[in-house]
There are 2 protein chains.
Amino acid sequence: MNADFGAPKELAGGLQQRRALYQPRLPPCLQGPTVRAEYGDATTTIDPTCAQAVAQAFPHTFGQPLVSFVAPAAGAGAVEERHPIRVGVVFSGRQSPGGHNVVWGLHDALKAYNPQSLLYGFVGGTEGLFANKTLEITDDVLASYKNQGGFDLLGRSIDQIRTTKQVNAAMTTCHSLNLDGLVIIGGVTSNSDAAQLAETLIQNNCKTKVVGVPVSLNGDLKNQFVETTVGFDTVCKVNSQLVSNVCLDAISAGKYYYFVRLMGRKASHVAFECALQSHPNMLILGEEVALSKLTLMEIISKICDGVQARAELGKYHGVLVIPEGLIESIPEMYALIQEINILHNSNVPVAEMSSQLSPWAAALFQFLPPFIRRELLLHQESDNSAQLSQIDTEQLLAHLVETEMIKRTKEGRYKGRKFSSVCHFFGYQARGSTPSNFDCDYAYALGRISLHMIAVGLTGYMATVANLKDPVDKWRCAAAPLTVIRCH
Amino acid sequence: MNADFGAPKELAGGLQQRRALYQPRLPPCLQGPTVRAEYGDATTTIDPTCAQAVAQAFPHTFGQPLVSFVAPAAGAGAVEERHPIRVGVVFSGRQSPGGHNVVWGLHDALKAYNPQSLLYGFVGGTEGLFANKTLEITDDVLASYKNQGGFDLLGRSIDQIRTTKQVNAAMTTCHSLNLDGLVIIGGVTSNSDAAQLAETLIQNNCKTKVVGVPVSLNGDLKNQFVETTVGFDTVCKVNSQLVSNVCLDAISAGKYYYFVRLMGRKASHVAFECALQSHPNMLILGEEVALSKLTLMEIISKICDGVQARAELGKYHGVLVIPEGLIESIPEMYALIQEINILHNSNVPVAEMSSQLSPWAAALFQFLPPFIRRELLLHQESDNSAQLSQIDTEQLLAHLVETEMIKRTKEGRYKGRKFSSVCHFFGYQARGSTPSNFDCDYAYALGRISLHMIAVGLTGYMATVANLKDPVDKWRCAAAPLTVIRCH
């Protein structure tokens, strides 16, 4: 456990100090002393083919209605007496700018609800939840984390509540702290885990309500209820600035192709949004590659054609943007990875693996440069598909494009200057950045909504805000059952 | 040649457009319609042991006096008639934020001097100078480059004017354009080349005055006359922000050590300044390594001791910052590189090289991980020491630290969790960024000073500004002979 978590921090720079003064703007329904819940239609799953299976797996939480939060009608009477409430909050997922503001919003709503209420932060993410390691969240604790990036107030660790052991540990903690609610801050998988936990707690007569909050830089938790995730806006802005700088650098020197891979898992949302903001010369969308079943060499060939066309205009520079997990979208690479996975699961030692691949997979494997071969074998050892994202796909593409340009030169098909590349992976530097105003506002509102959800007894729900493209005074606060995003 | 250079560009974003509106602040001496040059003491070289050799090599430009520019005394009389002036300007060195403002300041001063004056930009850097490829710099051309990053107005290429052929080509261009002055925008080597060119032009009765402007992100052109170089401030700010983000990321996840290498050549100025601004856990200064003659394994051992001490506090994360060219400061690595250089100069093929190293060098070479071995051999092929900077030293350190931590674990000396690292090289994304107010002001002032230097007939001088740590109204403009920075 990290000794720094929860420590008040000195806001080192003027920017941090000024940022801490920003007061998030509130949507209309959250501006008064109380909110009123309105219950709407019953729900099903987004993918209708899953509905039956999810209904069976989630007998207590499937089909719950949509809930909207509105300001009480004028003259609705005095605020009724409210008992203190006990809530826990945990970071579960890659840190994403704005996460701290969810905790802040939750805290402010909880103290407004009843000043005797208690908010426990789990120190060290889900491992802290399992081990019941808590930090009481107070105004003093929050002071240096308002509108600041990172998840360092509480930290994060393995980011899952999935195995029976993990779910039971979480339940034990909820019991022993006598929690009225547990707020899980994370992306697709964490909210999926939250759905399962909510169902299990009901089955075990645990009173703790489970609320998910969509916080993820990937932007891949997006559906008819969730317009975007907290952090996506900031990360796209920061990455776009970096890609723009690289574009300017490319055109100034006029001699390099920059291959930039952007963190955001397999989905291309971050790469797509950044390309719209920064205008690189080429963007490869994983979804398009998968849909068109483009092979690795077809992708290389397209890039080389672009390089050649630009050379004919006297241009020897350019910027190419790809999503973090592109490699998983390339059909034959995916198949190769699957074969390697099977060998791993059969405990074949790494050294013998390449000799046990099928003939076509072995041929592809041998074709790949050594550094990628090593990464493919090693990263699979953890049997964690997320690790696939760590493969330096931008370097693979740059290497293969260079090889192909040399080949074209030898064959007389390319007569331009030597192809040179520089590779980048942008992600850590963006996800640690200070959140944008949008993310500060959005995260704070979601935090406040979470408290209201617990107060009215919702469990297995996600906090949502609609009309995000409009100014904050048009935002509409709601809650959607987590089962809508489950599939099986 | 790049077809884009000099093209008016659309300022895509609001930031770029707003940035273009910024009006650089002027030091007092540049606020009036004229300036007066005051001549001071004769100069020698900064390193006195070089003085005699430089005096012999630069018979016409050695020992010139320092020159200060001041506002004319009140009532100094009418401005005398001034003939149109013809000036060329060239980017020679890695792009650095603020470069465009030098051209802008030069242009404004030149048109104020006499509106019939002409400013030629050399398209494609020094190659454009040799080939006499010009773009006339006008208000229209400049409009979209004011306060913008990059060198894309004119581009850059090989960044040297050194060989006899290159110097003669530059002289031919100066003759044929009938230039009164040539402004060379660049770092240490470019200003060193400028000194040589100035001397050669005098020897050949060419009237063109040569002026150097200190523009370099490295910050390594710093002495009693040059307080800092244009771009250093911006690059340190941008890199410090990125390193800070990474620090926040490290503490949030609590599981990685980030090894960050910062662009800035062999000198540690950028790394040092960024460490002061962003507070990483460890900083390795190349100068300290060289001075203490620290071996690679001593460095690794120090890092591992730090990792181990932090593990004992329950901390498994950290951020380490190193300068771009650290590898050249490590004694035995430098010696190995020298041996490889000699083999290259003897045309030994790369494949045979490792077998021809001396026994100790061969042993060190074999000890290095394969990716570094390949980089050491390949990058030397260009026989360009700058390429050494391209060696992924951060990955070398991370790899060796991991190996050592595994060894310590096996020996029972380390009982903590597995060491994990993430490597970064920050540079391209910072040097392409929008210049800070400081760099905008400084670069613009240097551009204006350059014109005044040419107008009073100085050659072999560098434009300088003193008191930079004070507000702009305390800045003092001057010119220092380029021979002061030469050594042999």
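**Contacts within and between the chains**

In this predicted model, E199(A) touches A57(A), F58(A), P59(A), H60(A) and T61(A), leaving aside residues up to four places away in sequence. With T61(A), the side chain of E199(A) also makes a polar contact of 2.6 Å. E199(A) belongs to helix 7 of chain A, which covers residues 188-203. Its relative accessibility is 0%, and E199(A) is therefore classed as buried, a term used for values under 20%. By contrast with these contacts, the C-alpha atoms of E199(A) and Q390(A) are separated by 33 Å. Those two residues are 191 residues apart along the chain.

Two of the residues touched by E199(A), F58(A) and T61(A), are also touched by T483(A). The other residues in contact with T483(A) are T45(A), V54(A), F62(A), G63(A) and G460(A), again without counting residues up to four places away in sequence. T483(A) is placed in the segment after strand 13 (476-481) of chain A. With a relative accessibility of 1%, T483(A) counts as buried.

The interface between the two chains was examined next. In chain A, 42 residues are in contact with 42 residues of chain B. The area buried between chain A and chain B is about 3400 Å², and carbon and sulfur atoms give 49% of this area. On the side of chain A, the residues that lose the most area to chain B are S252(A), Y428(A) and Q429(A), which together make up 17% of what that side buries.

Polar contacts and salt bridges are both found across this interface. There are 12 residue pairs in polar contact between chain A and chain B, counting pairs with both residues at pLDDT 80 or more. Three elements of chain A give two or more residues to the side that touches chain B: helix 8 (232-253), strand 11 (421-426) and helix 17 (428-431). Helix 8 of chain A supplies the largest share, 9 residues. Sorted by class, the side of chain A that touches chain B consists of 17 nonpolar, 17 polar and 8 charged residues. The number of salt bridges between chain A and chain B is 2. One salt bridge joins D249(A) to R431(B), with the closest N and O atoms 2.5 Å apart.

The arrangement of the two chains can be described by a single operation. A turn of 180° with a shift of 0.0 Å along the axis lays chain A on chain B with an RMSD of 0.1 Å. This is the relation of a two-fold axis. Of the interface residues of chain A, 100% are also interface residues in chain B, so the copies meet through the same surface.

Over all chains, the whole structure contains 34 salt bridges. Within chain B, R156(B) and D159(B) form one of them, with 2.8 Å between the closest N and O atoms. Both R156(B) and D159(B) are buried. Another salt bridge in chain B links the side chains of D305(B) and R408(B), at 2.9 Å from N to O. D305(B) lies in helix 11 (residues 296-312) of chain B and R408(B) in helix 16 (residues 393-410) of chain B, so this pair ties together parts that are 103 residues apart in sequence. The two partners differ in accessibility class: D305(B) is partly exposed at 42% relative accessibility, whereas R408(B) is buried with a relative accessible area of 4%.

In chain A, salt bridges that share partners join D305(A), E404(A), K407(A), R408(A), E411(A) and R413(A) into one network. Within this group, the side chains of E404(A) and R413(A) meet in a salt bridge of 3.7 Å, N to O. E404(A) has a relative accessibility of 10% and counts as buried, while R413(A), at 44%, is partly exposed.

Backbone angles were also considered. Most residues other than glycine have a negative phi. N147(A) has a positive phi, near 60°, and is not a glycine. N147(A) occupies the loop between helix 5 (139-142) and helix 6 (164-177) of chain A, and at 0% relative accessibility N147(A) counts as buried. In chain B, R265(B) likewise has a positive phi, of about 60°, without being a glycine. R265(B) is located in the loop between strand 8 (257-262) and helix 9 (269-278) of chain B. With a relative accessibility of 25%, R265(B) is partly exposed.

Definitions and conventions. Residues numbered from 1 in each chain as written. Chains lettered and ligands numbered in written order. Predicted model: local features only at pLDDT ≥ 70, side-chain atom pairs only at ≥ 80, totals over all residues. Heavy atoms only, no water. Helix = DSSP H or I, 4+ residues; strand = E, 2+ residues; numbered from the N terminus. Buried < 20%, exposed > 50% of the residue type's maximum accessible area, 1.4 Å probe, protein only. Contact = heavy atoms within 4.5 Å. Polar contact = N/O pair within 3.5 Å; in protein donor to acceptor, adjacent residues only side chain to side chain. Buried area = accessible area lost by both parts, 1.4 Å probe. Salt bridge = Lys/Arg side-chain N within 4 Å of Asp/Glu carboxyl O. Nonpolar A, V, L, I, M, F, W, Y, C, P; charged D, E, K, R; others polar. Least-squares fit on C-alpha atoms with pLDDT ≥ 70 in both.
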